[in-house]
Amino acid sequence: MEVVKCWKCELPSEITIQASGFFCSSCFVEYFRQKYRKIIGASKLIRDRDLVVFAFDGSASGCAMLNVISTFQQHFAKANSENMNYKRKNRYITKALHMTDSCNERVKTALESSGIEYVVFSPSEEMKEKYEKQCFKIERFGDETENEFNKKSLQMELLVDKAKEMNAQFLMLSSHVESLAAKTLSVVSLGLGEEIQATAGLCHTYNGLRILKPFREMTKKEIDFYVNATCGEGILPEENKEEEDQSSIKSIQSLAAKFLSDLNSQGKDSNPSAIVRLSNKLKMKS
Ligand SMILES: [Zn+2]
């Protein structure tokens, strides 16, 4: 079988990205980083000296984002030290925030080795109770779908307040195409259609803080490839064991995730990216 060459160099390609072409490992890593940089740059949202707090959850996409942020940070620091006159374009600061109940060694290693300033935040039970009372909840059937939604809602509430306490202008999430598409379908199913844009758009406001999702155009395939190519062992999360067991599907969120992974493997004209892109085209009637 003939191996297709990388579009950027002469090496054999290792990954194919729809519409973007064939890449060898190192050209893909560069392509992925530039894609992130362009999305942030083109949005023109972040200004000089802004503080962006990245909510690192220890997932594969979290590790990918941590690596991308740390690469650009090191690059800028080096360029600055070599050339005093060098005006770097993005003078914003990024810090990582990890919310946890107990400290995980793997997550700690990932944060330490990134070189990014970080905060580990363990909210107390009292704090969680207090937030649970004030955050937006759905309480109709008391089923798994609502529990899942309410759990995410509480997490978001806690993260946003912590980021505000750190004086952040943005809270950045590492949600990717598939996770955003699943969220989009879930909010529609829950009767929260007006949340579509906030869910899948690049930026939305939550409790007065802007939430950024620069990986909204990255697929799981791209993220997994990037993570394997760049992150050392001991940092990577254990393979997400695909729960094939139908009985594990208890909520709309897990059903949507299953539907999307099936769509990814079989869908030709329709895929999760189309769902995320659609959210941009929808406008609420005023
Ligand atoms: Zn190449």
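In which sense do β3 and strand β6 pair, and over how many bridges? The legends below describe close-up views of a predicted model, and the view of β3 and β6 gives the answer.

**View 1. Strand β3 and its pairing with β6.** β3 and β6 (residues 170-172) pair in the parallel sense, over three bridges. Val52 has Phe170 of β6 as its bridge partner.

**View 2. Strand β3 and its pairing with β4.** β3 and β4 run parallel and are joined by five bridges. Within this pairing, Phe54 is placed opposite Ala96 of β4.

**View 3. The surroundings of strand β3.** β3 spans residues 51-55, and four of these five residues are buried, so the strand is largely enclosed by the rest of the structure.

**View 4. The buried face of helix α3.** Helix α3 covers residues 105-114, and its buried residues are Val107, Ala110, Leu111 and Ser114. Seen down the helix axis, the buried residues of α3 fall within an arc of 95°, so they line one face of the helix. In an α-helix there are 3.6 residues a turn, so residues three or four places apart point the same way. The cover over the buried residues of α3 includes α2 (60-82), β4 (93-99) and β5 (118-121).

**View 5. The other side of helix α3 and the residue that follows.** Glu105 and Glu112 are exposed, on the other side of α3. Gly115 comes just after α3 and has a positive phi of about 75°.

Methods:
Residues are numbered from 1 along each chain as its sequence is written. This is a predicted model: local features need pLDDT of at least 70, side-chain atom pairs count only at pLDDT 80 or more; totals for chains, interfaces and linings use all residues. A residue is buried if 20 or more other C-beta atoms lie within 10 Å of its own, exposed if 12 or fewer, and partly exposed in between; C-beta atoms are placed from the backbone. Helices (H or I, at least four residues) and strands (E, at least two) are DSSP runs, numbered from the N terminus. The arc is that of the directions from the helix axis to the C-beta atoms. Two residues are in contact if their C-beta atoms, placed from the backbone, lie within 7 Å. Two strands pair if DSSP finds at least two bridges between them.
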